[in-house]
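Here are my notes on this model, set out as numbered points. Please read them with the sequence and the structure side by side.

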Amino acid sequence: MQYYRRIRDLREDRDLTQDQIVKILNMHKTTYTNYEQGKREPPFDFIIKLAKIYDVSIDYIAGLTDEPKSYRNK
């Protein structure tokens, strides 16, 4: 699964550092880094939080689509 690349790309596209995003997510940097590097699979609630922060669909983060549609129904 390539979701970890999307996680990194979304962060970088918003010009956020890992330190900044872990503060927003209120989590340990090591844990976040492991998700971003694909060393650990992120829990579903983490993916939901990212979808809300970046305003993209969960499917986009998971790599099921290349359309970064809003997580909200518009």
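1. A residue is called exposed when its relative accessible area is over 50% and buried when that area is under 20%, with partly exposed in between. Asp 15, at 67% relative accessibility, therefore counts as exposed. Please bear in mind throughout that this is a predicted model.

2. Asp 15 also deserves a look for its backbone, since this residue has a positive phi of about 55° although it is not a glycine, and its place is the loop between α1 and α2. Asn 26 can be read alongside: this residue, too, is not a glycine and has a positive phi of about 55°, and it is located in the loop between α2 and α3. With a relative accessible area of 71%, Asn 26 is exposed. A further positive phi, of about 75°, is taken by Gly 38, just after α3.

3. Turning to the interior, the largest nonpolar core has 17 residues, and those that touch the most other members are Ile 7, Ile 21, Tyr 32, Phe 46, Leu 50, Tyr 54 and Ile 61. At least two residues of this core are supplied by each of α1 (3–13), α2 (18–25), α3 (29–36), α4 (44–54) and α5 (58–62), and the largest share, 5 residues, comes from α4. As general background, nonpolar side chains tend to be buried together in soluble globular proteins.

4. Which residues does Ile 7 contact, once its neighbours within four places in sequence are left aside? The list consists of Tyr 32, Tyr 35, Glu 36, Pro 42, Phe 46, Ile 47, Leu 50 and Ile 61. Of these partners, Tyr 32, Phe 46, Leu 50 and Ile 61 are also among the core residues that touch the most other members, as is Ile 7 itself.

5. Helix α3 merits a separate comment, because 6 of its 8 residues are buried and it is thus largely enclosed by the rest of the structure. The buried residues in α3 are Thr 31, Tyr 32, Thr 33, Asn 34, Tyr 35 and Glu 36, a list in which Thr, Asn and Glu appear alongside Tyr. What covers these buried residues includes α1, α2 and α4.

6. The packing of α1 against α3 can be described through their axes, which come within 7 Å and cross at roughly 120°. Since an angle of 65 to 115 degrees would count as roughly perpendicular, the two helices α1 and α3 are oblique to each other. On the α1 side the contact is made by Tyr 3, Tyr 4, Ile 7, Arg 8 and Arg 11, and on the α3 side by Tyr 32, Tyr 35 and Glu 36. By class, this contact of α1 with α3 has 5 nonpolar, no polar and 3 charged residues.

7. The axes of α2 and α4 come within 11 Å and cross at roughly 110°, and these helices are therefore roughly perpendicular to each other. Their contact brings Ile 21, Ile 24 and Leu 25 of α2 to Phe 46, Lys 49, Leu 50, Ile 53 and Tyr 54 of α4. The residues of this contact of α2 with α4 divide into 7 nonpolar, no polar and 1 charged.

8. Is Ile 53, a residue of the α2 and α4 contact, buried, partly exposed or exposed? At 35% relative accessibility, Ile 53 counts as partly exposed. This residue is found in helix α4 and, not counting residues up to four places away in sequence, touches Ile 21, Ile 24 and Leu 25. Measuring along the chain, Ile 53 and Arg 11 are 42 residues apart, while their C-alpha atoms are 9.9 Å apart in space.

9. Finally, a search of the whole structure finds 2 aromatic pairs. In one of them, the rings of Tyr 35 and Phe 46 have their centres 4.7 Å apart and their planes at 55°, so the pair is tilted. Because Tyr 35 lies in helix α3 and Phe 46 in helix α4, the pair ties together parts that are 11 residues apart in sequence. Both partners are buried, Tyr 35 at 6% relative accessibility and Phe 46 with a relative accessible area of 4%. Ring pairs link Tyr 32, Tyr 35 and Phe 46 into a cluster.

Terms used
Residues numbered from 1 in each chain as written. Predicted model: local features only at pLDDT ≥ 70, side-chain atom pairs only at ≥ 80, totals over all residues. Heavy atoms only, no water. Core = buried A, V, L, I, M, F, W, Y, C linked by side-chain atoms within 4.5 Å. Buried < 20%, exposed > 50% of the residue type's maximum accessible area, 1.4 Å probe, protein only. Helix = DSSP H or I, 4+ residues; strand = E, 2+ residues; numbered from the N terminus. Contact = heavy atoms within 4.5 Å. Axes fitted to C-alpha atoms, helices over the stretch in contact; angles between N-to-C directions. Parallel < 35°, antiparallel > 145°, perpendicular 65-115°, else oblique. Nonpolar A, V, L, I, M, F, W, Y, C, P; charged D, E, K, R; others polar. Phe/Tyr/Trp six-rings, centres within 6.5 Å; stacked < 30°, edge-to-face > 60°.
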